[in-house]
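Colleague: Could you teach me how to read a protein model, one feature at a time?

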Amino acid sequence: MAEPLRLRVAVEAPQHTGLAGPLDYTSEYPLAPGTLVRVPLGRRDVAGVVWPGASNAAADMALRDVREALTALPPLGAHWCELVNFAAGYYQRSVGELALSVLPSELRKLDDAQLANRIKKLHRALGDPGAAPGADTQVSELPSLSEQQAAALKSIDTLGAKGSATPTILLQGVTGSGKTEIYLRAAAQALAEGQQALVLVPEINLTPQLEARFAERFAGRHIVSLHSGLTPAQRLRSWLAAHLGLADLVLGTRLAVFASVPRLGLIVVDEEHDPSYKQQEGARYSARDMAVYRGKLEGATVLLGSATPSLESWQRAEQGRYARLALTQRIGGGALPALRLVDMNLLPRSQGMNASISPPLVAALQRRIDAGEQSLVFLNRRGYAPVLHCADCGWKSGCPHCSAWRVFHKLDRTLRCHHCGLSEPVPRTCPECGNLDIAPLGRGTERLEEQLAELLRGTAGKPARIARIDADSTRLKGALEAQLGAVHAGDVDVLVGTQMITKGHDFRRITLVAAVNPDTSLFSSDFRAPERLFALLMQAGGRAGRDAAQAARSELWVQTWHPRHALYTALRSHDFDAFAKSQLAEREMAGLPPYSHLAMLRAEARSAEAARGFLQAAAERGAEMAGADTVMVYPPVPTGVARVANVERMQMLVESPSRMALQRFLALWLPELHAVRRAAKAPGQRILRWAVDIDPLAI
Ligand code: ADP
Ligand code: ZN
Ligand code: ZN
């Protein structure tokens, strides 16, 4: 009998097992790299992927046999394996864990026959790859491009020409400059060449809108979406359609960057600066960064679009590492909204401190209503008030399990913790002293909605029509679509909400946008807070005056206690480049990214001492390691909200001027931490878990 073949399999083993690379197995018959398999691991069977590269297990080592192979599924491509391999290495996870976490979970549940069946059905429904009859002939009339759009497309075409090493392209275009049209045309070009295109958006809420625009343009082409809102069966179907080459266009959120797309020609990352592109658990990858890597790997054009690029991307464009294409004008030549700063210091005390909405802003909103125009008012805090308070004894509505206040929700009269989810009816009296008079402190979107309804009048003697959109109002399926529909139809005078409403939506009748209380970000300890605030305000302002006829009257109102802050000065002239330059100068002086590279080690335990103890022990271990002199390890500190659901959370920053040096250090250091963790003997010193975040976004 012939010797069984030896091969490597990336298995789904959790990080704490310390199994980082592929494991060795045997198989009776050859299996191509990229084949999905089930293999024994310990006493269990786990899913795995046959990994490229020869097994280098010693010849006399007894290996276990692959249990089952899913041969109905064409193997995952070499590029896909390489992308996953890179991501696993860079984000310090096991390759199998990452591979399986980005594949649809259904693949683990189906056997070969079931999978063959699904694939057959999909072929029947979608036909052959790339063969959509008459796909490109029935396109309705295309808008003629603006001069800047035409120039940008020409450059994209030249840059993406076959044979040349395609650089990453930063498409820096002000809000309403027609970036989406560029994505559509670039995608059309890729499709015409028989390629597939991958389009990423930050928010799941934006996918239906984008899907509609692509579906309208590419009638007859197969478009699938991939995001966390799909059922497992839907997700498998979309994923298979992409993997089999049947889908021409793949639209999705961050997880779609790992879709298997065999004929990939274009990757678009819309709103590339958006923090949602960073995965917040498991392998904390940046989908934007992975898109850039993937584009290089596969020779696909990468288009990063934003009005306010991340400083990382902006700097790379400055350095010439990315090509930059600028769209400085709005379609139709409309102006960007004028900034109106309300200096809260100048208001009479009685109005300033307590009023959420200053009289000048109320008057401006009223004028828009009278003129039949819409306004958008946003505040980044949902609920009615962030805390309830007893003026007699000083009691506040803290959460018993978290170091956070419980938020007062008036509609269902609950106190809810937004961190652990604890929800209880509002007490009738103060739980400490029995005082009947407990009052809300501060304001959230519910209260803002209520106040606006009191202060504003509608037209023709009717009350003003106020709508609120936030995570609470959109909990039910279809609620968001219905609410957005009402705004688009003109059935709403003032739209109130959290930052959810500031992104992407192409509202045509909004002429005034107001930020009620953005100041908190100005003095945050997070060095990225100003960058995020600037992007948020520019993007929110971009919802106003999208109709060129109204653009000249469009305004962005900001209520602030610090009207002379440099950020607002740059905002007034819509000068992102000036803002970026000054921020980068500050970062350079402070040695912050992109001038340094960061990793955050986080630990969770029942006590802060245990979490701190683990991090300190980890730091001591690190100090003994090779390369310790190339990194700086800061003392452990509590996270922003230190205690959540009775778990204490501490974090420790690791910094290096060199990305390579940091990577090398982490690769040596992190595997040691399993032992550091086990070394804690006393139960009180044990931690629950630890994790590392490479290139963390929130500090
Ligand atoms: P951005 O994404 O840059 O904010 P959009 O792509 O949403 O801008 O474009 C703003 C509006 O202009 C959209 O309603 C879009 O349909 C329209 N538009 C874009 N390009 C053109 C064009 N060349 N001619 C006419 N309208 C256009
Ligand atoms: Zn009290
Ligand atoms: Zn809580």
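Colleague: Let me start with two residues: are Cys402 and Cys417 buried or exposed?

Modeller: Happy to help, and please remember throughout that this model is predicted. A residue counts as buried when its relative accessible area is under 20%. Here, both Cys402 and Cys417 are buried.

Colleague: Which atoms coordinate the zinc ion (ligand 3)?

Modeller: To read a metal site, look for the donor atoms around the ion. The zinc ion (ligand 3) is held by the SG atoms of Cys399, Cys402, Cys417 and Cys420, at 2.3 Å. Along the chain, these donors follow the spacing C-x2-C-x14-C-x2-C. Cys402 and Cys417 link distant parts of the chain, 15 residues apart. Cys402 sits in the loop between strand S15 (387-390) and strand S16 (407-409), while Cys417 belongs to the loop between strand S17 (414-416) and strand S18 (423-425).

Colleague: Why is the arrangement around the zinc ion (ligand 3) called tetrahedral?

Modeller: The general idea is to compare angles: four tetrahedral donors ideally have angles of 109.5 degrees at a metal. Around the zinc ion (ligand 3), the four donor atoms subtend angles of 107 to 112°, and therefore the arrangement is tetrahedral.

Colleague: What are the protein donors of the zinc ion (ligand 2)?

Modeller: You can read that site by the steps we just used. Its donors are the SG atoms of Cys390, Cys393, Cys430 and Cys433, lying 2.3 Å from the zinc ion (ligand 2). In sequence, these donor residues are spaced C-x2-C-x36-C-x2-C. The angles among the four donor atoms are 103 to 113°, and the site is tetrahedral.

Colleague: Is Cys393 buried or partly exposed?

Modeller: Cys393 counts as partly exposed because its relative accessibility is 38%. Cys390, on the other hand, is at 0% and counts as buried.

Colleague: Now a helix, please. Which residues of helix H14 are buried?

Modeller: With a helix, ask which way each side chain points from the axis. In helix H14 (residues 479-488), the buried residues are Ala479, Leu480, Leu484 and Val487. They lie on the same side of H14, because they cover an arc of only 125° around the axis. Their cover includes strand S14 (374-378), strand S20 (466-469) and strand S21 (494-497). Look just past the helix too: H14 is followed by Gly490, which has a positive phi, near 85°.

Colleague: And a strand residue: what is Leu7 in contact with?

Modeller: Contacts show which parts of a chain come together in space. Leu7 lies in strand S1 (residues 5-11), and it is buried, with a relative accessible area of 8%. Leaving aside neighbours within four places in sequence, its contacts include Leu23, Tyr25, Leu31, Val50 and Val66. As for Ala32, it is 25 residues from Leu7 in sequence, yet their C-alpha atoms are 9.6 Å apart in space.

Colleague: Finally, the whole chain: how many helices and strands are there?

Modeller: There are 21 helices and 28 strands. The chain is as compact as a globular protein of its length, because its radius of gyration of 27 Å is close to the 27 Å that the globule rule gives for 699 residues. Its C-alpha atoms fill a box of roughly 90 × 70 × 50 Å along the principal axes. Of the 699 residues, 53% count as buried.

Colleague: What share of the contacts with a separation of 6 or more comes from residues 24 or more positions apart?

Modeller: Such residues account for 76% of those contacts.

Key:
Residues numbered from 1 in each chain as written. Chains lettered and ligands numbered in written order. Predicted model: local features only at pLDDT ≥ 70, side-chain atom pairs only at ≥ 80, totals over all residues. Heavy atoms only, no water. Donors = N, O, S within 2.8 Å, 3.2 Å for Na, K, Ca; no water. Tetrahedral: all angles 85-135°; square planar, octahedral: opposite > 155°, others 65-115°. Helix = DSSP H or I, 4+ residues; strand = E, 2+ residues; numbered from the N terminus. Buried < 20%, exposed > 50% of the residue type's maximum accessible area, 1.4 Å probe, protein only. Contact = heavy atoms within 4.5 Å. Rg over C-alpha atoms; globule rule 2.2 N^0.38 Å. Arc of directions from axis to C-beta.
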